[in-house]
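Hello,

Here is the structure I promised to pass on to you. Have a look at it first, and then read on for what turned up when I went through it.

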Amino acid sequence: MKIIVVAPRGKMGKLITQAAASREDLELVAGLGPKGRDYIGEDLGTVAMTGRTLGVPVTDDLESVIDRCDAIIDFSTREVSLEVLAAAVAHKKALVCGTTGFSEDEMARFHEAAKTIPMLYAANTSKLVNVMNKLLEMVTRTVGDELDIEILEMHDQWKKDVPSGTSREMGEIMAHALGKELEDIAVYGREKGENPRKPGTIGYHSLRAGNIPSSHTVYFGGLGERLEITHHSYNWECFARGACDCAAYLEGKEAGFYTIQDVLNL
């Protein structure tokens, strides 16, 4: 499976490159960096600090290398990802996208692309986060109407979207288990002097500090007891390995919208 990695100097792109370079089922053919960066033209292995050269370039012109690949892995920015999406559709290349912060209309573009290419979107590529999502769905379907649900998510100081894409996905899973839409029941933070908690809502609380990789806790609060389900990542390597698993999964797949639940058979 021939792969192009977007943003190979970024925190995720660097780790994805390192993970892909260590696998026998993936072959890196190029990296795509932002226009004008001083590392454009250098070896991908050097740029992503793999400890060895890989014999493939980092370019800022996707059109010049896209036909060399089978799939693109993109964990970059909202603006860049939309450009990569358009190029993947035009050249009929499989795409794994883990960028978050898209609007509803922008997400619709990914679903539309799935009519043409194998499209896998994953807000979180950690295996254990996705197992956690199944647990959240089970708890909510079983006793969700009896409990207050609150989500606490923590990320580094550079995280752009609030709440995180992972916590939004968790909220959507639980809202749908309740037969509702998240946008109708989500409450984001609480101000001083607000009335008591409104039953049937899902509360969101977002912390941003230091270089916290990712942490999500869902609290199910009952009377006299509570259940907490938590996932902590110690670094971003689990997401990078998951992203590579997603790309490998798309080999030979027909056009369609895939998720990491398909990859993990959840």
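A good place to begin is Lys92, just after helix α3, where the backbone takes a positive phi of about 55°. Please bear in mind throughout that this is a predicted model.

The helix before that residue, α3, covers residues 78–91, 14 in number. From the first C-alpha to the last, α3 reaches 20 Å, close to the 20 Å expected at 1.5 Å a residue. Its buried residues are Ser81, Leu82, Val84, Leu85, Ala87 and Ala88. Several of these sit three or four places apart, and there is a familiar background to that. An α-helix has 3.6 residues a turn, so residues three or four places apart point the same way. As for what covers the buried residues of α3, the list includes the strands β1 (2–6), β2 (27–32), β4, β5 (94–97) and β6, together with helix α4.

Two of the buried α3 residues, Val84 and Ala87, lead on to Leu62. You will find Leu62 in the loop between β3 (58–59) and β4 (71–74). Leaving out residues up to four places away in sequence, Leu62 touches Val84 and Ala87 as well as Ile4 and Leu32. Is this loop residue buried or exposed? Leu62 counts as buried because its relative accessible area is 11%, under the 20% cut-off. For another distance in that region, the C-alpha atoms of Leu62 and Thr46 are separated by 19 Å, with their positions 16 residues apart along the chain.

Helix α6 can be described in much the same terms. It runs over residues 165–177, has 13 residues and reaches 18 Å between its first and last C-alpha, close to the 18 Å expected at 1.5 Å a residue. Buried in α6 are Gly165, Thr166, Ser167, Met170, Gly171, Met174, Ala175 and Ala177. What do these buried residues pack against? Their partners are the helices α5 (127–143) and α7 (182–185) and the strands β7 (148–155), β9 (202–208) and β10 (214–221). Just after α6 there is again a positive phi, this time at Gly179 and of about 75°.

Now to the aromatic rings, of which the structure holds 5 pairs. One of them is formed by Phe110 and Tyr121, a tilted pair with 5.9 Å centre to centre and 50° between the planes. This pair links distant parts of the chain: Phe110 belongs to helix α4 (residues 104–113) and Tyr121 to strand β6 (residues 118–121), 11 residues apart. Phe110 is buried, with a relative accessible area of 0%, and Tyr121 is buried too, at 14%. The rings of Tyr249 and Tyr258 also have their centres 5.9 Å apart, but their planes stand at 75°, so this pair is edge-to-face. Here Tyr249 counts as partly exposed, at 22% relative accessibility, whereas Tyr258 counts as buried, at 14%.

Tyr249 has a charged companion as well: Lys253 lies over the face of its ring, at 4.1 Å from the ring centre. Phe110 and Tyr121, for their part, join Phe102 in one aromatic cluster.

One acidic residue is worth a look on your screen. Glu228 is found in strand β11 (residues 226–233) and, at 38% relative accessibility, counts as partly exposed. Which residues does Glu228 contact, leaving aside its neighbours within four places in sequence? They are Thr217, Val218 and Tyr219. The C-alpha atoms of Glu228 and Glu150 are separated by 9.7 Å, although the two residues are 78 apart along the chain.

Finally, the overall picture. The protein has 9 helices and 12 strands, and its C-alpha trace spans about 60 × 40 × 30 Å along the principal axes. Its radius of gyration is 20 Å, which agrees with the value near 18 Å for a compact globule of 266 residues. Of those 266 residues, 48% count as buried. Among contacts between residues at least 6 apart in sequence, 68% join residues at least 24 apart. The protein exposes about 13,200 Å², and carbon and sulfur atoms supply 49% of that area.

Enjoy exploring it.

Best wishes

Technical notes
Residues numbered from 1 in each chain as written. Predicted model: local features only at pLDDT ≥ 70, side-chain atom pairs only at ≥ 80, totals over all residues. Heavy atoms only, no water. Helix = DSSP H or I, 4+ residues; strand = E, 2+ residues; numbered from the N terminus. Expected span 1.5 Å × (residues − 1). Buried < 20%, exposed > 50% of the residue type's maximum accessible area, 1.4 Å probe, protein only. Contact = heavy atoms within 4.5 Å. Phe/Tyr/Trp six-rings, centres within 6.5 Å; stacked < 30°, edge-to-face > 60°. Lys NZ or Arg CZ within 6 Å of the ring centre and 35° of its normal. Rg over C-alpha atoms; globule rule 2.2 N^0.38 Å. Areas by Shrake-Rupley, 256 points an atom, 1.4 Å probe, with all protein chains shown as cover.
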